[in-house]
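Student: I'd like to go through this chain with you and see what stands behind each label. Can we take the terms one by one?

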Amino acid sequence: MDYRIVPSVCSYCGTGCGVLFEVMDGQLVRTLPMKTHPVNEGKLCIKGWNLHEYINSDMRLTSPMLKIYGRFHKVGWDEAISETAGRLQAIVEKYGPDSVGVLVSAKMTNEENYVAQKFARAVIGTNNVDHCARL
Ligand code: SF4
């Protein structure tokens, strides 16, 4: 049996609690709070305690989905990105850049949030950018 403890950071919110993942034979089996982490000092909220549940869930999306005639179909990243870019371009051409809004998330890194707002402003041409932490 291969047993390891892997330190990480909870991805559920922007607090950034330190966690320890128990990994057995390549499977994540349990999440523990990191006692020495300066943010959470050995504590986790209920979402953090259950991080391993969603990683192993068969309901988790593992590939892009494209809705065709009301039904979702798995597609590759190239097709998903091409389809999204084409539809965004058509919306901007027809209704203008301010018809588009970009919503970012506390689950994203600062760098990802920066890239998303840059995409909205420099590529789409809108200042319609919002963040879940403002709700
Ligand atoms: S354990 Fe809870 S408070 Fe800490 S980062 Fe995860 S979701 Fe946020």
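Student: What radius of gyration does the chain have, and what would a compact globule of 135 residues have?

Tutor: The chain has 19 Å, where a compact globule of 135 residues would have a radius of gyration near 14 Å. The radius is taken over C-alpha atoms, and the globule rule is 2.2 Å times the number of residues to the power 0.38. The C-alpha trace spans about 55 × 35 × 20 Å along its principal axes. Before we go on: this is a predicted model, where local features need pLDDT of at least 70 and side-chain atom pairs count only at pLDDT 80 or more, while totals for chains, interfaces and linings use all residues. Residues are numbered from 1 along each chain as its sequence is written.

Student: What share of the chain is buried?

Tutor: Buried residues make up 8% of the 135 residues. A residue is buried if 20 or more other C-beta atoms lie within 10 Å of its own, exposed if 12 or fewer, and partly exposed in between, with C-beta atoms placed from the backbone.

Student: What makes Asp-25 count as buried or exposed?

Tutor: Its neighbour count: Asp-25 has 9 C-beta neighbours inside 10 Å, so it counts as exposed. Asp-25 sits in the loop between β2 and β3.

Student: And why is Glu-41 called exposed?

Tutor: Glu-41 has 12 C-beta neighbours inside 10 Å, and therefore counts as exposed; the cut-off is 12 or fewer. Its place is the loop between β3 and α1 (46-49). Glu-41 also has a positive phi of about 45 degrees although it is not a glycine.

Student: Which class does Leu-66 fall into, and why?

Tutor: Leu-66 counts as partly exposed because it has 14 C-beta neighbours inside 10 Å. That value lies in between the two cut-offs, 12 or fewer and 20 or more.

Student: What does Leu-66 touch, and how do you know that?

Tutor: Two residues are in contact if their C-beta atoms, placed from the backbone, lie within 7 Å. Leaving aside neighbours within four places in sequence, Leu-66 is in contact with His-73, Val-75, Glu-79, Ala-80 and Glu-83. Asp-25 is another matter: Leu-66 and Asp-25 are 41 residues apart in sequence and 34 Å apart in space, C-alpha to C-alpha.

Student: Where does Leu-66 sit among the strands?

Tutor: In strand β4 (residues 65-68). Helices (H or I, at least four residues) and strands (E, at least two) are DSSP runs, numbered from the N terminus. By that rule the chain has 4 helices and 7 strands, in the order β-β-β-α-α-β-β-α-β-α-β from the N terminus on.

Student: How do you know that β4 and β5 pair?

Tutor: Two strands pair if DSSP finds at least two bridges between them. β4 and strand β5 (residues 71-74) have 4 bridges, in the antiparallel sense, so the criterion of at least two is met. Leu-66 stands opposite His-73 in β5. The two strands form a hairpin with 2 residues between them, and Tyr-69 in the turn has a positive phi of about 50 degrees.

Student: What about the sheet with β1, β2 and β3?

Tutor: It is an open sheet of 3 strands in the order β1-β2-β3, with antiparallel pairing. β1 (3-9) and β3 (27-33) stand at the edges, because each has a single partner strand, so one side of each is left without a neighbour in the sheet. The twist averages 30 degrees from one strand to the next, with axes as lines fitted to C-alpha atoms (for helices over the stretch in contact) and angles running from 0 to 180 degrees between N-to-C directions.

Student: How many bridges hold β1 to β2, and β2 to β3?

Tutor: β1 and strand β2 (residues 18-24) pair over 7 bridges, and 6 bridges join β2 to β3. In β2, Arg-4 has Val-23 as its bridge partner, Val-6 has Phe-21 and Val-9 has Gly-18. On the other side, Val-19 is matched with Pro-33 in β3. β2 and β3 form a hairpin with 2 residues between them, and Asp-25 in the turn has a positive phi of about 50 degrees.

Student: What makes β1 hardly covered?

Tutor: The count of buried residues among the 7 residues of β1 is 0.
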